[in-house]
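Please walk through this fold with the model open beside the text, taking the strands, the helices packed on them and one of the pockets in turn.

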Amino acid sequence: MISYKNFWKKFYRIKKPPVFNSQFSNFCLRYFKNYKGVIFDLGCGNGRDTIFFRKNRLNCYGLDQIGIIIKKNKKKYQKHKKFFIKKNFSNTNFDSISKERFSIYSRFSLHSISLKQEKKFINNLIKSKKLDFIMIETRTVYDELYGVGKKISKLEYFTDHYRRFIEPLKFKTKLKKNFKIKFFKVSKNFAKFKRENPKVLRIIAKNER
């Protein structure tokens, strides 16, 4: 698989991504009312959603495999620095790093990993004894960027970095085998930023086993 690490290392060195929390974090907050478990913000980037949840008195950890941004977050958010962890979420056993029950929050990180990595990620969640919620927002095959760039496979393309476009109904079917689907919708206006308004998938699943 083509590596995308160098893109993100360069991106976080020279770019200033938004510091305000995402629309998705606002949406998910309703599910976390009175939640006492841990939230893992996967591919947390500059930590804007991690900090948003923490400011709402939620025990959130930001995970990212790009060391540069983790260091920046620790420096910027001194009070919360221990809650930023350098880790590749696709092969993480979350039960082993959390003493408490936990939920998964993934905004625009699922489409950054390969299908093989996704299978490993989902299998780890299926095996979990502590998982509560899975909350995902991701790019889909209905995105205007689908098909743009160097084709790696039917669903994978490389422009300045790697993207794998998700097939919403197929992904829903995968989760539905083991989890209760609480929300599922593909729409624009979920992830608006400047002139960008992609048609993305939002899916919330709950572990009721």
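In this predicted model, the bridge partner that Leu-63 finds in E3 is Ile-85. That pair belongs to the pairing of strand E2, residues 59-64, with E3, where three bridges join the strands and the two run parallel. As a general matter, strands of a sheet pair through backbone hydrogen bonds, either parallel or antiparallel. Helix H4, made of residues 67-76, packs on the sheet here and touches both E2 and E3, with a direction that makes about 160 degrees with that of E3.

Which strands make up the sheet to which E2 and E3 belong, and in what order do they lie? The sheet is open and has seven strands, arranged as E3-E2-E1-E4-E5-E10-E9, and its pairing is mixed. Its edges are formed by strand E3 (84-86) and strand E9 (180-187), each of which pairs on one side only. From one strand to the next, the twist averages 15 degrees. Another helix to follow is H7, residues 168-176, which lies across strand E5 (131-139), E9 and strand E10 (200-206), and runs at about 170 degrees to E9.

A further sheet, again open, consists of three strands in the order E6-E7-E8, and its pairing is antiparallel. The edge strands in this case are strand E6 (150-151) and strand E8 (162-164), each pairing on one side only. Strand E7, residues 156-158, is joined to E8 by three bridges, with the two strands running antiparallel, and within this pairing Tyr-157 has Arg-163 of E8 as its bridge partner.

Helix H7 appears again in the second largest pocket, which holds about 200 Å³ of space. Its lining includes Leu-115, Glu-118, Ser-153, Arg-164, Phe-165, Ile-166, Lys-170, Phe-171 and Lys-174. Helix H6 (115-127) and H7 each supply at least two residues of that lining, and the largest share, three residues, comes from H7. What is the character of the residues that line this pocket? They divide into five nonpolar, one polar and six charged.

Ile-166, one of the lining residues, can also be used to place a residue from elsewhere in the chain. Asn-21 stands 145 residues from Ile-166 along the chain, and the C-alpha atoms of the two are separated by 23 Å. Asn-21 is found in the loop between helix H1 (5-14) and helix H2 (23-29), and, once its neighbours within four places in sequence are left aside, it is in contact with Asn-26, Arg-48, Asp-49 and Phe-52.

Taken as a whole, the secondary structure of the protein comes to seven helices and ten strands. The radius of gyration is 16 Å, which is close to the 17 Å that the globule rule gives for 209 residues, so the protein is as compact as a globular protein of that length. Along the principal axes of the protein, the C-alpha trace spans about 45 × 40 × 30 Å.

Notes: Residues numbered from 1 in each chain as written. Predicted model: local features only at pLDDT ≥ 70, side-chain atom pairs only at ≥ 80, totals over all residues. Heavy atoms only, no water. Pairing = 2+ DSSP bridges. Helix = DSSP H or I, 4+ residues; strand = E, 2+ residues; numbered from the N terminus. Axes fitted to C-alpha atoms, helices over the stretch in contact; angles between N-to-C directions. Contact = heavy atoms within 4.5 Å. 1 Å grid on protein atoms, 1.4 Å probe; cavity = no way out; pocket = protein on both sides within 12 Å on 5 of 7 lines; lining within 4 Å. Points joined across faces, edges and corners; volume = space filled by probe spheres on them. Nonpolar A, V, L, I, M, F, W, Y, C, P; charged D, E, K, R; others polar. Rg over C-alpha atoms; globule rule 2.2 N^0.38 Å.
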